Each structure stands twice: as C-alpha cells, then as structure tokens.
Amino acid sequence: MRYCSTRGEVCGWDFRDVLFSGFAPDGGMFMPESLPVLNPDTLRSWRNLSYPKLVVEVASLFIPSELIPRDDLEGLVNAALSGFSVPEVVKIARLKDGLSVLELFHGDTLAFKDLAMTCTVRFLDYFLQKENRRATVVVGTSGDTGGSAIQSAKGLSGLDVMVIYPRGRITPVQEKYMITALEDNIHVFAADGCSDDIDQPLRRLFADQDLVKSYGLMSLNSVNWSRIMVQLVHFIYAYLQLTDLDQVMDLQTFPELEVVVPTGGAGNIAAGYIVKQMGLPLRLVAMVNSNDIVHRTVTKGDFSMAPNVSQTLAPAIDIQDPYNMERVFWLLLDKDGPCVKKLMDEFQNSHSHILPANHRKLLSQLLSTGTVSDDGILETIKRCWEENQYTLCPHTAVAVWHHYHCPHKHGLLRCYFATASPAKFQSVIQKAGLTFDLPEKVKELDKLPTRYENLERSRDWSKDWEDRLREKIKVVASARSHSICYYR
C-alpha cells in the first residue's frame, strides 16, 4: 500500500510517511494510490465483529504488517478504544419511523473525533517510541478536534501538541477540554478569529518544508490520512449493523444504505466516498448549517467561500473551507492530480471556483445535500425529544432534520451520524426548551485551573499569528531537545 498526493506531484510514500505529515509537500492531501475492494465474503466475515476488531481489519488493509505487525496493531487499537464509556465503543439508537442514529461520541471528549484521534495518536507513539524520537503536532480546531487531540496525547513523552482554537466561537465545555490541560507537552492558543482564519497561517507553516523537517512538524486534523482511515469504519460498521447480508450473493444485489452526515470540513464525507469506491453500496447525504459551501457546490457548482463564517448553534461545522473536498474531487475526477491542483490553487487564491458542468453533474450524482437554519436545529431537537425522548446535539440535529423533511422511500435504509453528545451544548438544549444532565466528568471541568495564550487580531494578523506559532515551535523544540522525526 503506497500513498500519493491529490495534486499529483508526490507518490510512493508509505503509511509511516503520511502519518508524520500534514499536507503533502505539493500542498495536496495524501490518498492511497489504489483502494482495496470489499467482496461479499469479507463483509459477511466482518458481520459480527466488534467496532475495535473492525478497526483492526480495516486498518490492516492500509497499514502493511512490515510497518505495524498484526499483533501490535491489535494491541494499539484495543488500547486506544479501551476508555470509551460504552462497552461496544459506538452504538446505534433505533428510534421511531426508521430513525437510526449511530452514536460516535462515547470517548473522553464526547465527540466522534475521539475514535480516530485515539487510534492515530497510538500509531504515532508506536513509531516514536520505536525510533526514540519526538514530534510536534499543530492542530487548528473548530471545536472538537483540539480537545480530542489534547486528551489523546497529554502526558505522552514523544509528542508536543499545539492547539489553536477560535475564541468565542466554541462552547464552554469544548474550550475547557483544551485550556484545563496543564501537562508540559500541551500548548493552547485562543485566536481572535474563526477556524478558517486559523487555517491560513497553518497552511503556510506546513508549506515550509525546512520547518517541517527540522522540527518534526505534523498535523492531527483530518488532513492526516490516518484520521480518515479510521473514519471509514463508521460507514462499514453502520452498514453491517443495519443490513441483512445473508440472502444476497454479490455486491450488485446488496441492499443500499443512505448515510446522512453533518458536514463541516467534509472528512466524514470523504471517508464515505472512499468506502463507496471500495464497493459498499452507500448513498451519501451531507447536511450543513448556514455555512453552506458544500451545499452550494453540489447544487449550483459554486465552490466559493462566503465573505464571513456565520456563527450558528452548530459551531463545529461553522466552516467555509471544507478542505477534505479535495479528496472527494480527486476521486471524482479519476485521480487527475493536475486538474485537482488547478482547481484547488484557484480556490485558495481567490476563495472561489465554479465547477464545470460535467464536474458538477458527477458530484451531484455522488452526493445529496441540504442546509439547516438555527431554527431548524431547534425544531429538530424538540421533535426528536417529543417523539423518542432522545436528545440530539445541534450537529446531529443538522443531520436528523433530513429525516423529518425528506420522506423515507420505501425499503431504503438510513443511518444518521451523531457526532457529539448533547452534554457539550447545554445552551442550545435549553434554547430548545429541554434539559440534559451533565456527566460528572464534564461538571468537574469547572473546578480545574486553566492555561492558554492569546493570538490577538492585528492589522497583519495572519502573518503575526504565523510568526508567533513559528517561534513557539522552536521554543518547544529547544526545551525538549527534539530530533528530526519527519521522513521521506
């Protein structure tokens, strides 16, 4: 299994190479050069596997045993997923009228990010310990990724983690998961801007290959292939749990599953498309809030950022730069790296690209979309509670709105991704007229001391932030006596 860049100028890297990378050196994102195909016998053999065992099976398709032997892989995954609050790690809530909700939020920070993050951090730590090296992780977050990265990596001897979050644009619980981490290897910045603002200096830092190589710089955003790899399992697990495979002989006659995902950076949508390319009969639906770039791209071919990121009741998907759409475009355009590079260069330079009619047609055949207002989020939370006594987080409500407003076709199976616990969004639940008891571990956050640094808005804020972060990387490296841990 080898990996290449979506922009066509890098190929032949192995899993370890891409694990320790952010963006590819040409600015693209890493993808497998070829995808394995899932056959009916394989799917049937996986039917009764637990979620952790399924992660091992899927990961072994993309991580050669020469890099991580099978026994080691099993140990890493089991250790990563051992601390989840339900024995099955994830579970499906089967509610009225065919509403099936895949709960992905039973990890330490009550968000779906914990599933892939814990595994990815274990993979990193495995190589770092083996090679007696260190790395510096830099993470920009719209809310959940930062807390998950911190909780997964705090205290690890081989990793320093720098997290930058948008001050005032996330919930108090999301913020506390980050700023209460006082371990020496954790460094948190509160930025006066939105998550897309944060991405600007981070892209320039990762484009500086001297910096990347000298300080072992890497990303734990869903830019990192390992995160996407684990997210493939969400779709496969849902499919195996909700369909009956006993009576069908080939993939052409396997039942179709429609998977509806609240969408921001489009990591889950990219993962779903990869699984579809591997042969699973999926229909993909991306639901967004008023930051509707994915919806406009699919319905109008308008891949353009709005002038500003809107603050909504679903803050983790308040994103106008859905960077994983690059992976979607690459697959959609038959792995045409130069074409993807041209598209993405135009988008990043002008924040706008109009898809040609043939590209738009291909995309609309792959993906359905919808957009949900704040009122729609509240309406969905209320209705789901009234009908099921089941509380949705605002992001999950963005997805489940589709259930109430798009009639269920006879015989079509559907699954909705629940990406976070409602416990993280108390103010929204209260706005919907409901209450939700906070878990004790969330209440305890209020009693903990905090630590973070500010990134203030200035005239040349993007450059100033880049300089501050660059200096912090060097200071951390000096304090920890880093050695290089980036390899080609």
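This is a short dialogue about charged side chains in a predicted model.

Me: What can happen between side chains of opposite charge?

Reply: Side chains of opposite charge can pair when their charged atoms come close. In this predicted model, the count comes to 25 salt bridges, and we can read a few of them one at a time.

Me: Which side chain does the side chain of Arg70 meet in a salt bridge?

Reply: The partner of Arg70 is Glu57, and their side chains meet in a salt bridge with an N to O distance of 2.5 Å. Arg70 belongs to helix H4 (residues 70-80) and Glu57 to helix H3 (residues 51-62), so that this pair, 13 residues apart, links distant parts of the chain.

Me: Are Arg70 and Glu57 buried, partly exposed or exposed?

Reply: The general step is to compare the relative accessible area with two cut-offs, since buried means under 20% and exposed means over 50%, with partly exposed in between. Arg70 has a relative accessible area of 33% and is therefore partly exposed, and Glu57, with 22%, is partly exposed as well.

Me: How many residues apart in sequence are the parts that Asp208 and Arg470 tie together?

Reply: The side chains of Asp208 and Arg470 meet in a salt bridge at 2.7 Å, N to O. Because Asp208 lies in the loop between helix H8 (195-207) and helix H9 (209-215), while Arg470 is in helix H20 (residues 461-480), the pair ties together parts that are 262 residues apart in sequence. As for accessibility, Asp208 is partly exposed at 23%, whereas Arg470 is buried at 17%.

Me: Where do Asp467 and Lys463 sit with respect to each other?

Reply: Asp467 and Lys463 are both in helix H20, and because they are four residues apart, about one helical turn separates them. Their side chains meet in a salt bridge of 3.0 Å, N to O. With relative accessibility of 32%, Asp467 counts as partly exposed, and Lys463, at 38%, also counts as partly exposed.

Me: Which residues are linked in a network of salt bridges?

Reply: Here we look beyond a single pair, and we find that Arg7, Glu326, Lys341 and Asp345 are linked in a network of salt bridges.

Me: Is Arg16 buried or exposed, and what does its side chain contact?

Reply: Arg16 has its place in helix H1 (residues 15-19), and because its relative accessibility is 7%, Arg16 counts as buried. The side chain of Arg16 makes a polar contact with the side chain of Glu131, at 2.6 Å.

Conventions:
Residues are numbered from 1 along each chain as its sequence is written. This is a predicted model: local features need pLDDT of at least 70, side-chain atom pairs count only at pLDDT 80 or more; totals for chains, interfaces and linings use all residues. Side-chain values use heavy atoms; hydrogens and water are left out. Helices (H or I, at least four residues) and strands (E, at least two) are DSSP runs, numbered from the N terminus. Buried means under 20% relative accessible area, exposed over 50%, partly exposed in between (1.4 Å probe, protein chains only). A polar contact is a pair of N or O atoms within 3.5 Å; within protein, one must be able to donate a hydrogen and the other to accept it, and residues adjacent in sequence count only if both atoms are side-chain atoms. A salt bridge is a side-chain nitrogen of Lys or Arg within 4 Å of a carboxyl oxygen of Asp or Glu.
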